[in-house]
Amino acid sequence: MGEIVRDCRLCKKPMESSPFTMCNSCLMESNRVQSFVIKHPHVSIERISQETEVPHDKVELMVKLGLSEKDTTKSQAH
């Protein structure tokens with residue numbers, strides 16, 4: 001552990017070896033966004049950002065990447 005092996009899928013910052021495609025910070029933010037959207041489907045990105053306190057551009061990127069619960073628990077193996 002401790003070896004930098006890839007960049008976070010969202011913030012693009014180098015991260016330590018992990019089974020996740022995101023750093024801990026982005027993973028927690030992604031979970032907050034997912035929980036909010038499950039409870040409040042069809043809301044705007046602006047409202048998601050305001051209610052979850054996740055930056056608008058990061059929420060937009062999550063939508064663009066189509067992040068789901070499965071994406072946050074597995075790595076991309078191609």
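Colleague: Before we look at anything, what is a nonpolar core?

Modeller: A nonpolar core is a set of buried residues such as Val, Leu, Met and Cys, joined through side-chain atoms within 4.5 Å. Keep in mind that the model above is predicted. In its largest nonpolar core there are 13 residues, and C8, L10, M22, C26 and V33 touch the most other members.

Colleague: Which elements give two or more residues to this core?

Modeller: Those elements are α1 (24-39) and α3 (56-65). The most comes from α1, which gives four residues.

Colleague: Let me take one member, then. Which residues is C8 in contact with, leaving aside its neighbours within four places in sequence?

Modeller: C8 is in contact with K13, M15, T21, M22, C23 and C26. Two of the names there, M22 and C26, you have already met among the core residues that touch the most other members.

Colleague: Good, that helps. Now the whole chain: what order do the elements run in from the N terminus?

Modeller: The order is β-β-α-α-α-α, so to speak a short list of two strands and four helices.

Colleague: And how much of the protein is buried?

Modeller: Of its 78 residues, 31% count as buried. As for the outside, the accessible surface comes to about 5,400 Å², and carbon and sulfur atoms hold 52% of that.

Colleague: How are two packed helices described?

Modeller: Two numbers do the job: the angle between the axes and the distance between the axes. Here α1 and α3 pack at about 75°, and their axes are 11 Å apart. Angles from 65 to 115 degrees count as roughly perpendicular, and α1 and α3 are therefore roughly perpendicular to each other.

Colleague: Which residues meet where α1 packs with α3?

Modeller: From α1 come C26, E29, S30 and V33, and they meet K58, V59 and M62 of α3. Sorted by class, this contact has four nonpolar, one polar and two charged residues.

Colleague: Now the loops. Which residue between α1 and α2 (45-52) could we look at?

Modeller: Try H42, which lies in that loop. Its phi is near 65°, a positive value in a residue other than glycine.

Colleague: Is H42 buried or exposed?

Modeller: Exposed means over 50% relative accessible area; H42 has 82% relative accessibility, so it counts as exposed.

Colleague: What about phi of E53?

Modeller: Phi of E53 is near 60°, again positive in a residue other than glycine. You will find E53 in the loop between α2 and α3, and with a relative accessible area of 68% E53 is exposed.

Technical notes
Residues numbered from 1 in each chain as written. Predicted model: local features only at pLDDT ≥ 70, side-chain atom pairs only at ≥ 80, totals over all residues. Heavy atoms only, no water. Buried < 20%, exposed > 50% of the residue type's maximum accessible area, 1.4 Å probe, protein only. Areas by Shrake-Rupley, 256 points an atom, 1.4 Å probe, with all protein chains shown as cover. Contact = heavy atoms within 4.5 Å. Axes fitted to C-alpha atoms, helices over the stretch in contact; angles between N-to-C directions. Parallel < 35°, antiparallel > 145°, perpendicular 65-115°, else oblique. Nonpolar A, V, L, I, M, F, W, Y, C, P; charged D, E, K, R; others polar.
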